[in-house]
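Subject: Structure handover

Hello,

Here is the structure I promised to pass on. Please open it and keep it beside this email as you read.

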Amino acid sequence: MTTGGRPFFAERKRIVELAGKYRFPAIYFQKEFVDEGGLMSYGVDFTDLFRKSAHYVDKILKGTKPADLPIQQATKFEFVINLKAAKQIGLTLSPDLLARANKVIK
């Protein structure tokens, strides 16, 4: 499992290739790793996070002081699975696990 951060995100293609080469089942912090061919990801839904940010900007532009706004943490997360990557490393995933995923790439 990789940690979040720019260095890991910038090298996502290389990280995914190495995990596949050594048949290493890896879970990533963003779905872009799965789009590059990674096995699975579990992390914040950035679309939802950006939408919430827009609400904050709207409130600030309407006169609310930033210090008066509550701090919020992410509340929506995504679980994405790449079946092609699973097959490539010889991993069989249970139907229960697949049912929990927000998105399954075939």
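A residue counts as buried when its relative accessible area is under 20%, and as exposed when that area is over 50%. Anything in between is partly exposed. With that in hand, look at β3: five of its six residues are buried, which leaves the strand mostly covered. Please note that this is a predicted model.

The sheet

β3 belongs to an open sheet of four strands. The order is β1-β2-β3-β4, and the pairing is mixed. β1 (27–28) and β4 (103–105) stand at the edges. Each has a single partner strand, so one side of each has no neighbour in the sheet.

Now go through the pairs.

- β1 and β2 (residues 40–44) run parallel, joined by two bridges. Isoleucine 27 stands opposite methionine 40 of β2 here.
- β2 and β3 run antiparallel, with five bridges between them. Valine 44 has phenylalanine 77 in β3 as its bridge partner.
- β3 and β4 are parallel again, paired over three bridges. Isoleucine 81 faces valine 104 of β4.

Glutamate 78

Is glutamate 78 buried or exposed? Its relative accessible area is 16%. The limit for buried is under 20%, so glutamate 78 is buried. Glutamate 78 sits in β3, which covers residues 77–82. Leaving out residues up to four places away in sequence, glutamate 78 touches Lys31, Ser41, Tyr42, Gly43, Val44, Asp45 and Asn102.

The cores

In soluble globular proteins, nonpolar side chains tend to be buried together. Which residues make up the largest nonpolar core here? There are nine: Leu39, Met40, Phe79, Ile81, Ala85, Ala86, Ile89, Leu93 and Ala101. β3 and α5 are the elements that give two or more residues to this core. Another core lies apart from it. That one has six residues, among them Val16, Ala19, Tyr28 and Phe33.

Isoleucine 89, from the nine-residue core, has contacts of its own to check. Setting aside residues up to four places away in sequence, isoleucine 89 touches Gly20, Arg23, Phe24, Pro25 and Leu39.

Leucine 97

Leucine 97 is in helix α6 (residues 95–100). Its relative accessibility is 27%. Partly exposed runs between 20% and 50%, so leucine 97 counts as partly exposed. Leucine 97 touches Met40, Phe79 and Ile81, again without residues up to four places away in sequence. Those three residues are listed in the largest nonpolar core. Alanine 19 is 78 residues from leucine 97 along the chain, and their C-alpha atoms are separated by 21 Å.

The largest pocket

How much space lies in the largest pocket? About 170 Å³. The pocket is lined by 15 residues, and the closest to its centre are Val16, Gly20, Gly37, Gly38 and Gln88. α2 (12–21) and α5 (83–88) each supply at least two residues of the lining. α2 gives the most, with five residues. By class, the lining has eight nonpolar, four polar and three charged residues.

Two places tie these parts together. Val16 is among the residues closest to the pocket centre, and Val16 is also in the six-residue core. α5 supplies residues to the pocket lining, and α5 also contributes to the largest nonpolar core.

Best wishes

How values were computed
Residues numbered from 1 in each chain as written. Predicted model: local features only at pLDDT ≥ 70, side-chain atom pairs only at ≥ 80, totals over all residues. Heavy atoms only, no water. Buried < 20%, exposed > 50% of the residue type's maximum accessible area, 1.4 Å probe, protein only. Contact = heavy atoms within 4.5 Å. 1 Å grid on protein atoms, 1.4 Å probe; cavity = no way out; pocket = protein on both sides within 12 Å on 5 of 7 lines; lining within 4 Å. Points joined across faces, edges and corners; volume = space filled by probe spheres on them. Nonpolar A, V, L, I, M, F, W, Y, C, P; charged D, E, K, R; others polar. Pairing = 2+ DSSP bridges. Core = buried A, V, L, I, M, F, W, Y, C linked by side-chain atoms within 4.5 Å.
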